[in-house]
Structure formats: structure tokens, C-alpha cells
Amino acid sequence: MVTIGRRRRAHVHQYEKLAVYITLTACLACVALLFWFSPSLLHTSRHDPVVTLSRPADTVNWERSDQHDSPLKFIFDSESTNAKNRDSASKVGKLVGIEDQAVNGESDWPLRAGKGDFELVSRVAFGSCTSRRDIYQPIWRQGIIPSSPQAWIWAGDIAYMDWPDTNCKEKPDHFQCNCTRDWLHVNRQTCLAGDVAHARKKLEIQLQNPDYQEFVEYMCPDIKNLGSGPRDLSLCPRPIVGTWDDHDYNWQDGDKRLPNKEQQKKLYLDAFGVPSNSPRRDKDRGMYWKHTLNEGTNGKEIDVLLLDERFHRDNKPCETRREFCEKVAVPDPKKYKHAWCKDFMFGGADGKGSCCRKDEQIWAGWCKENSQLGDDLWEAACDPTSEIYGFPGLEIDISSGGPIRAGPNSNTTHGEGVLCEVIGVNQRAWLQDELRKSEAPLKLIVSGSPVFNNPEEFVCSKALKRRPAVNCTCFDDYDCYRPAQLNLLHNMAHAPGCVVVLTGDFHFSDIKVLQPGNRKYSDAYDTFHLPRPIYQIMASGLTTDTAQHAPCDGYRIDKAGFRPEGECAFVSGPAFGMIEIDWDTPEQLAKLQIRDEFGVVTLESTLRLDKCTLV
């Protein structure tokens, strides 16, 4: 080696220089291609501004249609998208049938998305709140798939369909941020609320997310072998089911007034491959539904009851935001809720406000003034624990302001009922019936909004020199709708078996228990007469965009005493929920878990299904 000639060394040196040049050129080319095809890599920091990224126009072309009821579609440019990416991006589209689904809406019940022997479901995972922008979602492959879920439940916000594609703080004049403010379009960030075409684009972006596609392929491993026609994801070997909350309803904190809500419902159900002849698609009906896991196993069933808490939801009751609107938002046109509050206080058909007046008029008014009556009319109008509470035929008499059983010539509110609704009278009747007749030892109530959260008032606007602090009684959850909340809680607590609520919305995760008897929260939730506890797991935030690490302060502190592990027992980073059931133990132990982005159990409570108590 040491005797190599000078000429040979020169040739070797030239080859080394050439190799280095080629290596550097190849590396630069790889880097350029990587950032060309994956622009979202530049924007994965949790500290980045909230903005949805647009992919290169020559990579993926969205087929947009002005027809709100047109099916979801994916079209890929074969010349500019490599085969591997094109195949991966089309899997979800083919799985849910959005490439083949008949435009006329007629189809048979779906093909089963998988074959094989029956597997007893003992691990059910769930989550909510993906991302407002187009970023990687590593929790699917790093945490959820390795946890081996046998079923997945969406508890809301599979996509932020009302969110703009740009940062409105940085670009306030952008066409997606520049709109006239009203009760629907509260500020620049909400200009696209109710826009079904934009919602379709946002949903398609989520369905094509490569991490989520890898998860769907895990849940439905036979997707490559399926024929044509729509596929119901609830029929996958590992079922995927779910319901919506406000952002996939396409209106933050939205209620029943959303324009085009029928088209929005169709868009959502299309993404899950729900058949066109399913009752969930019926006009003027929410998407509520029941799925049974382990059906026919005699004592090992899991009933999954999906609630729709947007389609029939009344506007917030007047008393929940009156002080805030009167003292903070209405006097100042620059305030975030100015236009919304003007409508809340002075809008509506009669010009007296769009807020819901029924709870204040009946629950806090007539019922307290006539508490001595105790007859069946009082029970139906004033006792949320009653089986006949608030059911059809009961209206508010416009003359007296009290409840009345309406007749054809009655001067009433015409179908509005006597309480401010969250799920509506028909869904309440359906849920009560399903809970009563269910023989499943475990019932999972899937609710986009927390069923119980914070019974105390909190400061929603800090004190200023010219006025004191202003308090609010709730956020955007059941605490705003106290009579409807009490009715739901008592229906769940009196159902046979154990009830566990799965929820999301707040961008952190925790486990809470509403205990019977005399507790700190008993007056607010009337727990004195509850026969058994109600358990609630909140798993909210699947990415660092929606679940950033945060301290135990403000609304994240559990001052009411719901959390078994203490007031600060919550997870603030990306997380999902998991229920693991040991069917072979006499007690049928169920572990209620919060797992982090790597699948590590960070919170856990163990429940005995035979007694519905914590171990």
C-alpha cells in the first residue's frame, strides 16, 4: 500500500473527488425531492402558526364541485405522482367507496371489508380532534397501531372542516378570512363555516393523510382485494365507527341552525361508507346510531351508542351568556363575539334574541313557582329524572308562559318543547329505549361534548378599570344545558350494566367519575338519587396542533373532584383512549386508559363490570 506510485495516487485522488461530487449531488437531489413532495415537513413544529398547507398543484388535484351532495372523490395525476404514493393515497378512497359510489345515491348494503374467523373484541380505542392543518400524524403508527385496537371510535372532529387554509392573523385580507360578521361567521377565522365545498376538501386531506391511511389499512387489511361498491367501515375486521362534533359539523360551537346541514351530514357519512339506505341518512334526522360489538356472545357484548349533539341542538340558553354579551361583546364591535352576541340578545324571529329561553322560562321559572303541584304535567315539564320528562306533545303556552299538552288549536311554541335541547326529543326517546333494553354489560356512550365537566362559574372576561370581571357558567358542553344534562345522566345511571362516556373536544385527556351520594358537585348534578357511578373518558387531541403540552391551571384543573387520581391528573400532549376488558375474570375487569403518542399508558382506572365500581 505504501509503495503506490505517484501516478496511481493521482488517479485514486481523481476518483475520490468524483465520488464525493456524485454523492453530494445525489444528496442534494434527494433533499429537493423530499421537500417538493412533502411540504408539510417544513411545518411540523408545534410552535408554528396554525395554518393548513396546500400540496403542490401538480401532485394531487382535488375535484371540487359546487353540488353539495356530490360524492367525495380523489383524482391523482399519474404523471406527477409516483405509483407508491398514488396507491397509498387511493386506499381510503377505495375502501369507503367514494370512487365508485353511485351518484344517484342508490346502492345495496355494503360489502364486508374483511374475512376470517370471529375475534372477541376486548380492546376498544377511541380519540378525537386531529389537526387544523395538513401535518404528519405519527400517533397512528407510533401509538395506536402498536396498541392493537380491535375497534376504533371517533368521538368528534375527524377533520377541522370549517378551518381556513391560511393564517388569518397574518393575512386578514385573504378571501377565506374576509367576510361579513354574523352569528355564523363570528370572526375572520370562521368565514368558511357552513361551506360544504371547503369542508369536502378538508375531509379529503385527512382521509389521504399517510399516517391515517396506514391505520385504516391495519383496521381493514383486505382493502386491496375488495371489489367495487361502497364499504361500511363498521364492517371491517376491526370496525371503525364514530360521530361528529362541531368542527366536522362545519361550525365551531354549532347548533341546529347550520345551513346545508343535510349536505354536511351526507359528506360525513360518505367518509365512513355508511350505506345510502341507512336510516342515518334520513332527512331531518341526526346521525345517532347503535353498534354492538361481540354481538351474540351472551354477556360479553359492548353496545356503542353514537350521539348526534349538533343536528338538533338549540342555541345556548340565554342565562349562560347574557352577562358576557351585555357587558363585554355587544358594546364593543371589535370583540370576537360581537356579531354573535347581537344575534344572541336581539336576533331571532321575534327580535328578542336567538338564545334559548325555555330553561329560564320553565325550569328556573314556572317549575319553581309551581313546585307544589306534583301532578303528571309538572313531572313531565319539571322533573329531568322522570321517564316522561320533556316528551312529545308538551309545549309552552304563549299566553301563560307555562307548559301545556298542545292540541291542534293551542297557542303554543309549535314543536319547540319545554327544554333547551342537545340531542332533541326523538333522539332522547331512542336513547332511553336503547339503554333500557340493552343487556350488554358495557355500554359506551359516544358524546362529542363532555357530559359533565365543571359545575361552578368561572371568569370568562377579566376585570377592567371600567367594569368588574364577568363570569360564565359553561363552555360549549352539557353544563350549558342543565335540564337536558340531568335527564341524560339519570337515564344512563338507571340503565342495566355499566355506562362509560367517551368524549373529546377540550384538547387534553382525562378520566372522570360522577359518583352517587353526597359529593361536592351533588347539588349541581343531583347525584343523591343516582343508583351507580357514571364514568367518562375524554381523549382529545391526536397531534401537537390540537394537544400541546400545558400546565395544570385554569379550566384544566378539576376543582369539582371528578378525577380519581387528583385534580391535575390529565394528559396535555397527543393522546388517545383505550378500554381493555378481561372477559375471562369473574369480575370482568375493564381498564379505562389514556395512552400517549407512543402508546404508553399514562392514566388508568380499573372498573369491575359486574358491580360497576372502581377496583
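Begin by selecting Leu514. Beyond its neighbours within four places in sequence, Leu514 is in contact with Phe452, Leu489, Tyr521, Tyr525, Thr527, Leu530, Pro533, Ile534 and Phe562. The model on display is a predicted one.

**The two cores**

Widen the selection from Leu514 to the core around it. Leu514 is listed with Leu431, Ile445 and Met492 as the residues having the most contacts inside the largest nonpolar core, a set of 45 residues. To trace the elements that build this core, colour α10, α11 (376-382), β8 (394-396), α12 (425-437), α13 (482-493) and β13 (498-503), each of which supplies at least two of its residues. Another core lies apart from this one and holds 38 residues; Ile145, Tyr212, Leu258 and Phe272 are among them.

**The whole chain**

Zoom out to the full model. The protein has 14 helices and 20 strands. Of its 615 residues, 54% are buried. Among contacts with a separation of 6 or more, 70% join residues 24 or more positions apart.

Now colour by pLDDT. The mean for the protein is 83, and 78% of the residues reach 70 or more. Two stretches deserve separate selection. Over residues 1-18 the pLDDT stays under 50, and the model has 1 contact for them beyond four places in sequence. Residues 31-68 are also below 50 in pLDDT, but that stretch has 82 contacts in the model beyond near neighbours in sequence.

**Helix α7**

Select residues 261-271, which form helix α7; 8 of its 11 residues are buried, so the helix counts as mostly covered. The buried residues are Lys261, Gln264, Lys265, Leu267, Tyr268, Leu269, Asp270 and Ala271. Show their partners next: the buried residues of α7 pack against β4 (151-155), α4 (196-207), β5 (240-243) and α6 (246-249). Just after the helix, Gly273 has a positive phi of about 70 degrees.

Stay with Lys261 and add Phe311. The charged end of Lys261 sits over the ring of Phe311, at 4.2 Å from its centre. A second arrangement of this kind can be found by selecting Arg238 and Tyr218, where the charged end of Arg238 sits over the Tyr218 ring, 4.2 Å from its centre.

From β4, follow the chain into the loop that leads to α4, where Thr166 is placed. Is Thr166 buried or exposed? Its relative accessible area is 7%, so Thr166 is buried. Add Gln176 and draw a C-alpha to C-alpha distance: Thr166 and Gln176 are 10 residues apart in sequence and 7.6 Å apart in space.

**Asp314 and helix α8**

Move to the loop between β7 (302-306) and α8, and pick Asp314. With a relative accessibility of 5%, Asp314 counts as buried. Outside its neighbours within four places in sequence, Asp314 is in contact with Asp255, Lys256, Cys356, Lys358, Glu416, Leu419, Cys420, Glu421 and Tyr481.

Continue into helix α8, residues 318-329. Here Cys318, Thr320, Arg321, Phe324, Cys325, Val328 and Ala329 are buried. Why do these residues fall on the same side of α8? They do so because they cover an arc of only 150 degrees around the axis. Against the buried residues of α8 pack α9 (338-346), α10 (358-369), β11 (458-461) and β12 (470-472).

**Aromatic rings**

Display the rings as sticks. The model contains 25 aromatic pairs. One group to isolate consists of Phe458, Phe475, Phe506, Phe508, Tyr555 and Phe570, which ring pairs link into a cluster.

**Two positive phi values**

Finish with two backbone positions. Select His507, in the loop between β13 and β14 (509-514). Its phi is near 65 degrees, a positive value in a residue other than glycine. His507 is partly exposed, with a relative accessible area of 22%.

The last stop is Asn298, in the loop between β6 (289-293) and β7. What is the phi of Asn298? The angle for Asn298 is near 55 degrees, again positive in a residue other than glycine. At 72% relative accessibility, Asn298 counts as exposed, whereas Asp314, at 5%, counts as buried.

Note on methods. Residues numbered from 1 in each chain as written. Predicted model: local features only at pLDDT ≥ 70, side-chain atom pairs only at ≥ 80, totals over all residues. Heavy atoms only, no water. Phe/Tyr/Trp six-rings, centres within 6.5 Å; stacked < 30°, edge-to-face > 60°. Lys NZ or Arg CZ within 6 Å of the ring centre and 35° of its normal. pLDDT = per-residue confidence, 0-100. Contact = heavy atoms within 4.5 Å. Buried < 20%, exposed > 50% of the residue type's maximum accessible area, 1.4 Å probe, protein only. Helix = DSSP H or I, 4+ residues; strand = E, 2+ residues; numbered from the N terminus. Arc of directions from axis to C-beta. Core = buried A, V, L, I, M, F, W, Y, C linked by side-chain atoms within 4.5 Å.
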